[in-house]
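Colleague: Could you take me on a close look at one part of this model, and stay with it long enough for the neighbourhood to make sense? I would love one connected account rather than a list.

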Amino acid sequence: MLREDSDLSDILCDVCDVEILREFKTPEDEFGHLTYNISGKTFARSGDRSEYILLEDGSIGFWGSEGACGRIAENLQDFFEFVIICPYWEDYLDVDKYQDPEELERFAKEVYENYADSADFDLP
């Protein structure tokens, strides 16, 4: 559906930093240096070229352009719920932000307000 609805796909990209690819791609292998323990196809990317991979068991894998990797959702529905509820979730991987709950809350509010202000539609 997102591949056919460019307006919806553009909103997902702008608000959640998830670009749905027009077709499945072979996951990044860093010039043969990366191997995966389960097959899959890249179906989306983020602005920094990180990849979201639909794995053969239906779960969603993530390969980050800065080396982070792993499964992030059990299925596509869980993936979309996650990236919509927590847009730009990669911003929260900064370990320093997790040391102080008040700093994390301030950071989360700032991120939310920045993206809410730039959206062309109302966010809750």
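**A salt bridge and its surroundings**

Modeller: Happy to. Let us start with Glu-51 and Arg-45, whose side chains meet in a salt bridge, with 3.7 Å from N to O. Please keep in mind that this is a predicted model. Glu-51 has a relative accessibility of 3%, so it counts as buried. Arg-45, at 16%, also falls under the 20% limit and therefore counts as buried. As general background, side chains of opposite charge can pair when their charged atoms come close. A search of the whole structure finds 5 salt bridges, and we will return to some of the others below.

Now step into the loop between strand 2 and strand 3, where Ser-46 lies. With a relative accessibility of 2%, Ser-46 counts as buried. Its side chain is joined to that of Asp-48 by a polar contact of 2.6 Å. Not counting residues up to four places away in sequence, Ser-46 touches Asp-17, Tyr-52 and Glu-90. The C-alpha atoms of Ser-46 and Cys-13 are separated by 7.9 Å, although these positions lie 33 residues apart in the numbering along the chain.

Cys-13 takes us into helix 1, which spans residues 6-16. Cys-13 has a relative accessible area of 27%, so it is partly exposed. Setting aside its neighbours within four places in sequence, Cys-13 is in contact with Val-18, Glu-19 and Tyr-88. The C-alpha atoms of Cys-13 and Ala-44 are 9.8 Å apart, for a pair separated by 31 residues along the chain.

Tyr-52, one of the residues touched by Ser-46, leads to the aromatic side of the story. A search of the whole structure finds 6 aromatic pairs. In one of them, the ring centres of Tyr-52 and Phe-62 are 5.5 Å apart and the planes meet at 45°, so the pair is tilted. Tyr-52 belongs to strand 3 (residues 51-55) and Phe-62 to strand 4 (residues 60-63), so this pair ties together parts that are 10 residues apart in sequence. Both Tyr-52 and Phe-62 are buried. Ring pairs also link Tyr-52 and Phe-62 into a cluster with Phe-43, Phe-79, Phe-80, Phe-82 and Trp-89.

The nonpolar core picks up several of these names. The largest nonpolar core has 15 residues, and those with the most contacts inside it are Val-18, Ile-20, Phe-43, Tyr-52 and Phe-79. Helix 1, strand 2 (40-45), strand 4 and helix 2 (76-85) each supply at least two residues of this core. The largest share, 3 residues, comes from helix 1. In soluble globular proteins, nonpolar side chains tend to be buried together. Val-18, then, appears both among the core residues with the most contacts and among the contacts of Cys-13.

Strands 3 and 4 are joined by another loop worth a visit, and Ser-59 has its place there. At 4% relative accessibility, Ser-59 counts as buried. The side chain of Ser-59 makes a polar contact of 2.6 Å with the side chain of Asp-57. Beyond its neighbours within four places in sequence, Ser-59 is in contact with Ile-53, Leu-54, Arg-71, Ala-73, Glu-74 and Asn-75.

For a comparison with our starting pair, look at two further salt bridges. Glu-23 forms one with Lys-25, where the closest N and O atoms are 3.6 Å apart. Glu-23 counts as partly exposed at 49% relative accessibility, and Lys-25 counts as partly exposed at 33%. The side chains of Glu-110 and Arg-106 meet in another, at 2.6 Å from N to O. Glu-110 and Arg-106 both lie in helix 4 (residues 101-118), 4 residues apart, about one turn of the helix. Glu-110 has a relative accessible area of 38% and is partly exposed, as is Arg-106 with 39%. Salt bridges that share partners join these two residues and Glu-103 into one network.

Back at the start, then, the picture is of Glu-51 as a buried residue, with its buried salt-bridge partner Arg-45. Ser-46 is buried in the loop between strand 2 and strand 3 and touches Tyr-52, while Tyr-52 is part of the aromatic cluster and among the core residues with the most contacts.

Technical notes: Residues are numbered from 1 along each chain as its sequence is written. This is a predicted model: local features need pLDDT of at least 70, side-chain atom pairs count only at pLDDT 80 or more; totals for chains, interfaces and linings use all residues. Side-chain values use heavy atoms; hydrogens and water are left out. Rings of Phe, Tyr and Trp (its six-membered ring) pair if their centres lie within 6.5 Å; planes under 30 degrees apart count as stacked, over 60 as edge-to-face and the rest as tilted. Buried means under 20% relative accessible area, exposed over 50%, partly exposed in between (1.4 Å probe, protein chains only). Contact means heavy atoms within 4.5 Å. A nonpolar core is a set of buried Ala, Val, Leu, Ile, Met, Phe, Trp, Tyr and Cys residues joined through side-chain atoms within 4.5 Å. A salt bridge is a side-chain nitrogen of Lys or Arg within 4 Å of a carboxyl oxygen of Asp or Glu. A polar contact is a pair of N or O atoms within 3.5 Å; within protein, one must be able to donate a hydrogen and the other to accept it, and residues adjacent in sequence count only if both atoms are side-chain atoms.
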